[in-house]
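Please look over the sequence and the model below before reading on. The briefing that follows is grouped by topic.

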Amino acid sequence: TFANETHGFLLTGTTSRSSSTTDFYMYDASADEWTELSETPSEFPGFARSFGYGVVLNEFEHPKAYLGFGASVTGERLNDFWSFDMVTHDWERLASLPGPPRRHPAMNAVKSSDGDIWEIHVGLGDGPLNGVLQNLGDWWIYNIESDSWTQQPDLPGETRHHPFYFSIGSMSYGGLGHGSSGIYRDWYRLVDGEWIFDSPFESYEITNDGTVVSDEPLTTEARVAGTQFAIELPLTGQSSGGTSQQLSGSLGFVLSGDGDNHGTMSTGEFHLFYPPSSADDMDSVGRWGQLPPHPGVSRWAPGSFVLRGSARAFFTSGYDRRNGELFNDLWEMDLSPLFVDDSATDEPASSSPSASSSEPSQAPTSVPTSIPTNIPTSIPTSVPTEMLTEMPTNTDDNDSDNSSGRPSASPTTGGGSSSSLRLATGFGFGATAAFVCLLL
């Protein structure tokens with residue numbers, strides 16, 4: 001999944017029909033409508049796959065998305081890399097990763113610390129190394145201008161696949177995930193080629209005025225196979241606008257996934273991350289706060305995207321292990337209360353772009369006073385029953401523990417609606433999973 005300012009895109013993945021596909025759909029947010037791009041001039045020219053990923057640059061109206069990797073229908077790991085123009089719908093094959101091919105890696109779009117170069121960071125996942133299929137710990141940087149790859153130091157923690165990850169400013173984050181020792185909760189950031197251990201995952205209850213309620217975190221549970229995104233506002237090149245409540249700030253988010261036993265969590269947990277005040281200070285760490293969960297229990301391998309330049313995030317797809325349900329619904333989350341700058345005054349819209357910066361835009365030191373607290377905890381009755389279907393039995397993933405089988409799905413009902421989270425139109429072309437942050 002990826003998005004520009006107006007449209008979201010879902011590409012490839014596992015469906016109820018096949019373990020690997022070239023399915024391609026486009027979501028028009030203004031019309032709340034889906035269009036299928038498969039078998040059109042916009043179709044993906046690469047191999048069918050699952051567990052691939054992609055990103056866009058956090059730059060206003062930049063047309064390109066960058067994507068690749070994953071596993072083919074035979075399970076072969078892939079290392080191809082592509083760009084897709086979200087305006088013209090043209091595809092370009094880019095230089096393949098010179099390292100091991102892989103599925104479900106981390107992938108971040110990062111602006112270099114000098115603010116001049118955009119990079120794509122790719123690492124972790126699982127793939128063949130020295131003739132053995134194994135978890136990976138390497139990390140690579142793709143230079144967009146030179147169409148070339150450079151290897152970076154390995155992640156200092158254990159090798160892993162299906163991690164959580166996002167970028168904020170010049171900081172590339174990665175961690176959590178699944179490896180040979182189990183499910184992890186360690187969290188790292190890469191700054192100028194050096195890994196810094198940020199902190200183990202621990203998320204606290206924070207009141208509306210930003211006060212930590214207790215020194216005891218609400219959860220320290222390790223997790224894997226969810227979805228994630230970051231929002232940085234305003235965008236590079238985006239005019240400041242003329243509203244009295246301008247959106248500004250830099251936050252990361254992790255949403256849903258499996259818990260520390262690689263099984264369903266009782267709620268669709270949602271956590272925000274405040275980056276450290278100093279990127280290169282090894283003693284400066286970020287902090288996590290808990291937000292209301294998404295409807296229902298947690299989902300394995302869901303997807304998400306954010307309309308660039310806004311705080312409108314979308315959550316879709318994934319698999320409910322507990323009830324054997326595979327989803328193709330779409331939820332919109334309004335996260336603007338977390339980014340409202342009440343100190344902004346009414347000014348005419350700027351005629352020049354905002355100043356570019358490779359550092360996070362003044363991360364807030366406390367949680368805003370208007371965090372939504374009324375997100376429903378179950379899916380409303382308006383979810384069409386055709387959005388829920390059976391998990392395919394031909395999916396072979398060592399990230400899955402569905403030994404108990406995959407029962408037929410039934411719709412989940414109950415709950416209500418909320419201005420903070422609403423049910424948008426599901427794409428309805430067959431239930432889809434494994435689209436996590438791009439071509440999952």
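**Sheets, strands and ring pairs**

One open sheet is built of 4 strands in the order 6-7-8-9, with antiparallel pairing, where strands are DSSP runs of E of at least two residues, numbered from the N terminus, and two of them pair if DSSP finds at least two bridges between them. Strand 6 (53–56) and strand 9 (91–94) stand at the edges of this sheet with a single partner strand each, so one side of each is left without a neighbour in the sheet. From one strand to the next the twist averages 25 degrees, with axes taken as lines fitted to C-alpha atoms and angles running from 0 to 180 degrees between N-to-C directions.

The model is predicted: local features need pLDDT of at least 70 and side-chain atom pairs count only at pLDDT 80 or more, whereas totals for chains, interfaces and linings use all residues. Residues are numbered from 1 along each chain as its sequence is written, and side-chain values use heavy atoms, with hydrogens and water left out.

**The chain as a whole**

- The protein chain has 36 strands and 0 helices, a helix being a DSSP run of H or I of at least four residues.
- Of its 440 residues, 59% count as buried, that is, under 20% relative accessible area, with exposed meaning over 50% and partly exposed in between (1.4 Å probe, protein chains only).
- About 16300 Å² of the protein chain is exposed, and carbon and sulfur atoms supply 46% of it, by the Shrake-Rupley method with a 1.4 Å probe.
- Among contacts (heavy atoms within 4.5 Å) between residues at least 6 apart in sequence, 64% join residues at least 24 apart.

**Strand pairing**

- Within the sheet 6-7-8-9, strand 8 (residues 81–85) and strand 9 run antiparallel and are joined by 4 bridges, and Phe84 has Trp91 as its bridge partner in strand 9.
- Another open sheet of 4 strands has the order 1-2-4-5, with antiparallel pairing; strand 1 (2–3) and strand 5 (33–36) stand at its edges, each with a single partner strand, so one side of each is left without a neighbour in the sheet.
- Strand 1 pairs with strand 2 (residues 7–11) in the antiparallel sense over 2 bridges, and the bridge partner of Ala3 in strand 2 is Gly8.
- Strand 12 (residues 126–129) and strand 13 (residues 132–135) run antiparallel, joined by 4 bridges, with Leu133 in strand 13 as the bridge partner of Pro128.
- These two, strand 12 and strand 13, form a hairpin with 2 residues between them, and Asn130 in the turn has a positive phi of about 55 degrees.

**Aromatic pairs and charges over rings**

- The count comes to 36 aromatic pairs, where rings of Phe, Tyr and Trp (its six-membered ring) pair if their centres lie within 6.5 Å, planes under 30 degrees apart counting as stacked, over 60 as edge-to-face and the rest as tilted.
- The Trp139 and Trp195 rings have centres 4.9 Å apart and planes at 85 degrees, so the pair is edge-to-face; it links distant parts of the chain, with Trp139 in strand 14 (residues 139–143) and Trp195 in strand 21 (residues 194–200), 56 residues apart.
- Trp139 is buried at a relative accessible area of 0%, and Trp195 also counts as buried, at 10%.
- Phe2, Phe9, Phe24, Phe44, Trp82, Phe84 and Trp91 are linked into a cluster by ring pairs.
- The charged end of Arg103 sits over the ring of Phe51, 5.4 Å from its centre, the rule being that NZ of Lys or CZ of Arg is within 6 Å of the ring centre and within 35 degrees of the ring normal.
- Arg299 lies over the face of Phe327, at 3.8 Å from the ring centre.
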